[in-house]
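Welcome, and thanks for taking a look at this one with me. Below are some numbered notes to help you find your way around.

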Amino acid sequence: MNLTISGHHLELTPAIREYVESKLLRIKRHFDDVLDVTVILSVDKLTEKEKRQKAEINLHVKGKDMHAEGIAQDMYAAIDCLIDKLDRQVMKYKNKVQEHHSGVKRQADEPTATAAAAASI
């Protein structure tokens, strides 16, 4: 898995980098075929009172690219929101792939069962 973490208007500290890596283990635990991950952490300073922390991720798995972003007042909360969204996307994709493969096997088995029933008549 290639992991790229970059900051926009933000200095990446080792603590933030480790936090992102530990959260990405959750995604890797659910779905092993992750090829490439790009994380962009940024701070948008709209006004002095409103500082918006944003975390974006692009995840490339075999046959699919996924994108998610989380926005919060705190960078760690934005990362948590981001990982939750991405986890839902990965689980949905994983279920879709598994159902697709199991459907192919079922379709292959059904004609043989019908052919066997027709042959016994």
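**Notes for a first look**

1. A good place to begin is strand S1 (residues 2–8), which pairs with strand S2 (residues 34–45) in the parallel sense, over 7 bridges. To find this pairing on screen, look for Thr4, which stands opposite Thr38 in S2. Please keep in mind throughout that this is a predicted model.

2. What lies between these two strands? S1, helix H1 (residues 14–30) and S2 together make a β-α-β unit, and this unit is left-handed. The handedness is worth seeing for yourself by following the path from S1 through H1 to S2.

3. Now step back to the whole chain. It has 2 helices and 4 strands, and reading along the sequence gives the pattern β-α-β-β-β-α. Of its 121 residues, 27% count as buried. The chain exposes about 8100 Å², with carbon and sulfur atoms supplying 52% of that area.

4. How do the strands line up? The 4 strands form an open sheet in the order S1-S2-S3-S4, and the pairing is mixed. S1 and strand S4 (64–72) stand at the edges; each has a single partner strand, so one side of each is left without a neighbour in the sheet. On average, neighbouring strands of this sheet are turned by 10° against each other, with direction ignored.

5. A general reminder may help here: strands of a sheet pair through backbone hydrogen bonds, and they do so either parallel or antiparallel. In this sheet, S2 and S3 pair in the antiparallel sense over 11 bridges, whereas S1 and S2 pair in the parallel sense. For a landmark in the antiparallel pair, take Val34, whose bridge partner in S3 is Val61.

6. Leu35 is found in strand S2. Is Leu35 buried or partly exposed? Its relative accessibility is 42%, so it counts as partly exposed. Not counting residues up to four places away in sequence, Leu35 touches Met1, Asn2, His60, Val61 and Lys62. Leu35 and Leu59 are 24 residues apart along the chain, and their C-alpha atoms are separated by 7.8 Å.

7. Two residues in strand S3 (residues 51–61) deserve a visit, and Gln53 is one of them. Gln53 counts as buried because its relative accessibility is 13%, and buried means under 20%. Leaving aside neighbours within four places in sequence, its contacts include Ser42 and Val43, as well as Gly70, Ile71 and Ala72. Met75 and Ala78 are also among the contacts of Gln53.

8. Lys54 is found in S3 as well. With a relative accessibility of 18%, Lys54 counts as buried. Beyond its neighbours within four places in sequence, Lys54 is in contact with Ile40, Leu41, Ser42, Asp44, Glu69, Gly70, Ile71 and Met75.

9. Finally, turn to His30, which lies in helix H1. At 23% relative accessibility, His30 counts as partly exposed. Which residues does it contact, leaving aside neighbours within four places in sequence? They are Asp87, Met91 and Lys94. His30 and Met91 are 61 residues apart in sequence, and 7.1 Å apart in space from C-alpha to C-alpha.

10. That last pair leads to a point about the chain as a whole. Among contacts between residues at least 6 apart in sequence, 51% join residues at least 24 apart.

Methods: Residues numbered from 1 in each chain as written. Predicted model: local features only at pLDDT ≥ 70, side-chain atom pairs only at ≥ 80, totals over all residues. Heavy atoms only, no water. Buried < 20%, exposed > 50% of the residue type's maximum accessible area, 1.4 Å probe, protein only. Contact = heavy atoms within 4.5 Å. Areas by Shrake-Rupley, 256 points an atom, 1.4 Å probe, with all protein chains shown as cover. Pairing = 2+ DSSP bridges. Right-handed = clockwise from strand over helix to strand, strands pointing away. Axes fitted to C-alpha atoms, helices over the stretch in contact; angles between N-to-C directions.
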